[in-house]
Structure formats: structure tokens, C-alpha cells
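I opened the notebook to look up a few places in this structure, going from one helix to a pair of helices and then to some unusual backbone spots. The entries follow in the order in which I looked.

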Amino acid sequence: MQYSFASRTHSLLTSPLRSVQKLAKRDSLISLAEELPAEELFPVSALAEAAGSVLSADPRSLQYGEAEGYGPLRQWLSESWSRRKGLHMEPDRILLTTGTQQAMDLLVRSCTNPEDTVLVENPTSPGLLQVLRLHGVRMIPVPGDHDGVLPKQLAELLLKHQPKLFFAAPNFNNPTGALWSLERRLEVLKVIAGTSLLVVEDDSLGELCFPGSPAAQPLPPLAALEERQGEQVLYVGSFSKTVAPALRTGWAAGPSEVISMMTAVKLMADWQSSMLIHRMLHHLLLSRHFHLEEHLSALNREYVTRLKLMDQLLRRSAWSGASYELPKGGMFLWVRLPGGLSGDVLLKAAALKGVSFLPGSMCSPDGENHDYIRLNFTHPGRDELMLGMNLISEALREFTARS
């Protein structure tokens, strides 16, 4: 039987990212392609204790709850941000979502029509690009350097295109790992002041800041630097990369009108995120068996070790001519391949050897960055990381020998 799907879904069914995700699920394959944390560092015993305590304490944890999410967890976020980030956001301006991806989807559904213009960093998150393509918006890339997007070019694009939204990740951009300087953050806020632009700040990786780097003490988010906090910046993130992805708990915090509309759209999407999970997570965050700051420190110590190992492997002869900057945090290394080699072509050869990564073309709204690849260093264990990098090196040597 022939089924007729909405035209907007064509971008999903034909997405190269979908093919890479399927490839990464093969049991025999080492994946450096996905956006995954290390499973062995999940707080399993503390989560088990939290689940048992919540379920035995109150059967209402299995009941429907508020569309905005569990009130005490929103209160915890409000207090934590105020104490740790200088971001003062009342709980009624926080919406709990099913991960960062849903926050982005709800926002785009709430604020855009097909063919509306939005700005994105270039390169940017492939997941975000999928959401934007699904909704048919027009994406304009904003150029940047190692300090962040370029304010002059941003001002010119605002004047020329009158975009509704600007999607940015000042703390450890996916895929580049770039960290905006404090000066650049303030310059960007100055550029957007007085305009109708809403900045969507994705801080999903902001807590993954590595020991020994200036970022060991995170820079304040854009939302905290606004003169009137929560007026022009929507602050988005999740616990997926810091506690566990399966908790599926993210947030959007910002202008009251935007949060209200996103909440109304969420009611249509899934009514609410899981009350049981919210209560478990809240219990965990208050538990004497778990300390978030200690957990983050352990994560970052291990992740910086894996990043250093990847750096050492990239210094081998097979990678001669490749270039990259070591990030100060996050989950990814953004590598420019030697000799202008295409990441898409290299992936086909590497997959035959049993390893995958993400080609740079999937991180660009225009399919650019063909000579880049994104490598995830947080998920594979050290031995698996070494093997995977050695397999990519073999594929590289074969291309070098042919040329």
C-alpha cells in the first residue's frame, strides 16, 4: 500500500544523519559519531535508591502532573542557577521538557511559520538542524571565530533578514567545542538589544568543563548577563549529558509569554513529561547518596583524560596535515581532514573497518564543512577509543596512499 506523508517529513526520511545513527547501532561497530556520555559513569546505585524511595513514598508519583513539570524540581533549578550561575529565574518561568530536543521543537512550533528566517551558528548541532528543516524555516548561518559569533556580521544579518530566532551554544558548541569569551557574550547582547530577536541559548554541555582549563569555572550564560534576565534569551538545557539521557529531562527558561505558549504546545504534544522521572531526579539531587558537583568533577576528570588520549592518537603520521583545536569542555573534537579529504567519503571507508564518526557536512545548514569530521570522545572507553581511532587512521592511510 502507498502511504502519503506530509511534505515536511521528507527531510527526516532522507536525512544522512538517520543513516549514520542506524550505522552506529550495529553491535560490531565502534561509534565515535553519537552524542552519548559514558555509561559506566552513570549514578546507577543512587538512581536505584531514588526510584525505590519515590515509588514507596507516594503513589502520586505515578499520576498525571502539571504540564510545566514537577514544581519542586523547577524550584531546585531556580535556586541552583541563582547560586551557581548568577541566573535568577523564577520557577513559573521554567518549563520542564523531554530533553533539549523537545525544547527546541516546542519553541520552533510556537514561534515560527514555514519560510520564517532564523539564525544559527555555523557549524551547529545536527539535531537542531533536523528540527528546523522539519518546520520549513529558512536558516541563515552566522560566521564566528574561536571567541564566538562575530558581532559585526550578526548585526548585518539582523538588519538584512529580520530573523525571529537566533540559536547559539556559547558553552562548548556542538560540534566545534568553541567557548565564547565573556567579551564576545557582552558584545552579542549589545547587538541584539532593542531588537525583536529571541536568542535561544543551548547550555546542554556547559557543565562539562575540564580541569586545568580557564573554563573549569564556567562563564556565565548569556541569560545571566542580560540587563533584564529572561527578556531576550531563552535558556535551554538538560540533565542528559550530566546525569543520564534516559531520564529525558530538559528545560526551557525565559520570557513568560514564550514559556506559556511552549507549555500550551507541550500539552498538545505529550501532555507532560514523566512525573515519576521528575520526582526521582529531584530526590536524587537532594539525596545524601549523590552530590552533583562531585559527580560533575568525576565526569570531567575522565573526559579530559579521554580527550588527551584522542589528541595523542591524532598526532600520529596518518593524521599529518589534519588540524584541530582542543576544546576546554564538551563532548566533541572538530577535526579538519588533511588534503581536503571529504568526511562523507572517509566515513564509508571507516564503516567497512568497523568504526563511525559524524561527517562535518551534517553540522552545517548548507551542507558545508565537507572536509571536517566530528569525533565523540566521551562515550567510548579508553581501549575502544584507541581501537576506533586506529581504524580511522587505517582508512586515512589508504586514501593517502592512493593520492
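**Helix H10 and its surroundings.** In this predicted model, I looked up what the buried residues of H10 pack against, and I found strand E2 (94-97), helix H5 (99-111), strand E8 (198-202), strand E9 (233-238) and strand E10 (250-253). The buried residues of H10 are Val 258, Ile 259, Met 262, Thr 263, Val 265 and Lys 266. I noted a general point beside this list: an α-helix has 3.6 residues a turn, so residues three or four places apart point the same way.

I then checked the length of H10, which runs over residues 256-269 and has 14 residues. At 1.5 Å a residue the helix should span 20 Å, and because its end C-alpha atoms are 20 Å apart, the expected span and the model agree. Just after H10 I came to Trp 271, which takes a positive phi of about 70 degrees.

**Helices H4 and H11.** How are two packed helices described? By the angle between their axes and the distance between the axes. For H4 (residues 71-85) and H11 (residues 275-286) I wrote down an angle of about 45 degrees and axes 9 Å apart. Angles from 35 to 65 degrees fall outside the parallel and perpendicular ranges, and H4 and H11 are therefore oblique to each other. Their crossing is left-handed. On the side of H4 the contact is made by Pro 72, Leu 73 and Trp 76, while H11 brings His 278, Leu 281, His 282, Leu 285 and Leu 286. Sorted by class, this contact of H4 with H11 has 6 nonpolar and 2 polar residues, and no charged ones.

**Two glycines in strands.** Is Gly 237 buried or exposed? Gly 237 has 0% relative accessibility, and so it counts as buried. Gly 237 is found in strand E9, and when I left aside its neighbours within four places in sequence, I found it in contact with Thr 100, Asp 203, Ser 204, Gly 250 and Trp 251. Gly 237 and Gly 99 are 138 residues apart in sequence, yet their C-alpha atoms are 7.5 Å apart in space.

Gly 148 is found in strand E6 (residues 148-149), and it is buried because its relative accessible area of 4% is under 20%. Apart from its neighbours within four places in sequence, Gly 148 is in contact with Trp 180 and Arg 184. From Gly 148 to Asn 173 I counted 25 residues in sequence and 9.3 Å in space, C-alpha to C-alpha.

**Unusual backbone spots.** I began with a reminder that most residues other than glycine have a negative phi, and that most peptide bonds are trans. The loop between strand E3 (117-121) and helix H6 (126-134) holds Pro 123, and the peptide bond from Asn 122 to Pro 123 is cis, with omega near 5 degrees. A cis peptide bond also joins Asn 174 and Pro 175, where omega is about 25 degrees; Pro 175 lies in the loop between strand E7 (165-168) and helix H8 (182-192).

Phe 172 is placed in the loop between E7 and H8, and its phi is positive, near 65 degrees. With a relative accessible area of 3%, Phe 172 is buried. Arg 248, in the loop between E9 and E10, is not a glycine either, and has a positive phi of about 45 degrees. At 35% relative accessibility, I entered Arg 248 as partly exposed.

Note on methods: Residues numbered from 1 in each chain as written. Predicted model: local features only at pLDDT ≥ 70, side-chain atom pairs only at ≥ 80, totals over all residues. Heavy atoms only, no water. Helix = DSSP H or I, 4+ residues; strand = E, 2+ residues; numbered from the N terminus. Expected span 1.5 Å × (residues − 1). Buried < 20%, exposed > 50% of the residue type's maximum accessible area, 1.4 Å probe, protein only. Contact = heavy atoms within 4.5 Å. Axes fitted to C-alpha atoms, helices over the stretch in contact; angles between N-to-C directions. Parallel < 35°, antiparallel > 145°, perpendicular 65-115°, else oblique. Left-handed = near helix turned anticlockwise from the far one by under 90°. Nonpolar A, V, L, I, M, F, W, Y, C, P; charged D, E, K, R; others polar.
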